[in-house]
Amino acid sequence: MTSTTTTQGRRAPLVVLLTGQAMASMDTSIAAVAAPTIRLDLAGPPALAQLVLAGYTLAFAVLVVAGARLGSRHGPARVFLLGLTGFTVASLACGLAPGPVTLVGVRVVQGAMAALMVPQVLALIQATYVGAARGRAIGAYSLILALGVAAGQVAGGLLVTLDAGGLAWRTAFLVNVPVGAVLLVAGRRALAAVPTATVRPAALDLPGCCCWPPRCWPW
């Protein structure tokens, strides 16, 4: 009984972390599949499909380093759960967006929340597992990264085609809400014992993350 409980306790953090990583990895490809339907339903301009994708991707790319630094300063488990909460709420807002401007704005927020959540996954794996267990955990993490985009395309196509409840493209975002809610409950327990950072790095340079002021621009 003790051995079984220990094994389950070791698996629980990994399941939470990899599911969160999968949500973030799949979201871009799910949205890409749903983008044409989004534009038609919201009667948006031709650029709407690109903005729905670029808003998420650019926010993630710009802020992911800052997200990693925040995890080092405040503890990766805490920042992971914060990012997961924001990502889940932003997914709900995307699914309920009344128009194209709201949708694009919330997609930017969703990308920013993913930038908080994703860097903590590998950090928490490193902090939680050692030896062969760490190798297996990193292998599973690599598998999620490799399959996430393809799985998102399949999931996006199914969700839009099924048109559950007449929600069409909205289910591509709303599907994250129940998954995120379950992860938040499970994550608070599973990640509670993960060691927090003992070394406090330098203060976060948020303007530098966005390459501001203009003196750092190449033109």
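Is Arg107 buried or exposed? At 0% relative accessibility, Arg107 counts as buried. That is a good place to start a walk through this structure, which is a predicted model.

**A charged pair between helices**

Arg107 does not sit without a partner: its side chain and that of Asp27 meet in a salt bridge, with 2.4 Å from N to O. Asp27 belongs to helix α1 (residues 2-42) and Arg107 to helix α4 (residues 100-128), so the pair ties together parts that are 80 residues apart in sequence. Asp27 has 1% relative accessibility and therefore counts as buried. A search of the whole structure turns up one salt bridge.

**Arg170, a contrasting case**

Now look at Arg170, in the loop between α5 and α6 (171-174). Arg170 is buried yet has no salt bridge. Its nearest side chain of opposite charge is Asp41, 4.1 Å away, and a salt bridge has to fall within 4 Å. Setting aside neighbours within four places in sequence, Arg170 is in contact with Asp41, Leu42, Cys94, Gly95, Leu96 and Ala97.

**An aromatic pair**

How many aromatic pairs does a search of the whole structure find? The search finds one. Trp169 and Phe173 form this pair in an edge-to-face arrangement, 6.1 Å centre to centre and with 80° between the planes. Both Trp169 and Phe173 are buried.

**Helix α5 and its bend**

Helix α5 runs over residues 131-162. With 32 residues, α5 reaches 44 Å from its first C-alpha to its last, close to the 46 Å expected at 1.5 Å a residue. Where does α5 bend by about 45°? The bend is at Gly148. Gly148 is also one of the buried residues of α5, alongside Ala133, Ala137, Tyr141, Gly152, Gly156 and Val160. After α5 comes Asp163, whose phi is positive, near 50°.

**Two residues of α4 and their contacts**

Back in helix α4, you can find Leu116 and Pro119. Leu116 has a relative accessibility of 12% and so counts as buried. Pro119 is buried too, with a relative accessible area of 19%, and the cut-off for buried is under 20%. The table gives a C-alpha separation for each of these residues.

| Residue | Other residue | Apart along the chain | C-alpha separation |
|---|---|---|---|
| Leu116 | Gly67 | 49 residues | 4.3 Å |
| Pro119 | Val65 | 54 residues | 7.9 Å |

Not counting residues up to four places away in sequence, Leu116 touches Gly67, Leu70, Val79, Leu82 and Gly83. By the same count, Pro119 touches Val64, Gly67, Ala68 and Ala114. Gly67 is thus a residue that Leu116 touches and that Pro119 touches.

**A loop residue with positive phi**

One last stop is Ala43, in the loop between α1 and α2 (48-74). What is the phi of Ala43? Ala43 has a positive phi of about 55°, although it is not a glycine. At 68% relative accessibility, Ala43 counts as exposed, since the exposed class begins over 50%.

How values were computed: Residues are numbered from 1 along each chain as its sequence is written. This is a predicted model: local features need pLDDT of at least 70, side-chain atom pairs count only at pLDDT 80 or more; totals for chains, interfaces and linings use all residues. Side-chain values use heavy atoms; hydrogens and water are left out. Helices (H or I, at least four residues) and strands (E, at least two) are DSSP runs, numbered from the N terminus. The expected span of a helix is 1.5 Å times one less than its number of residues. The bend at a residue is the angle between axes fitted to the seven residues ending there and the seven starting there. Buried means under 20% relative accessible area, exposed over 50%, partly exposed in between (1.4 Å probe, protein chains only). Rings of Phe, Tyr and Trp (its six-membered ring) pair if their centres lie within 6.5 Å; planes under 30 degrees apart count as stacked, over 60 as edge-to-face and the rest as tilted. Lys and Arg count as positive and Asp and Glu as negative; His and the chain ends are not counted. Contact means heavy atoms within 4.5 Å.
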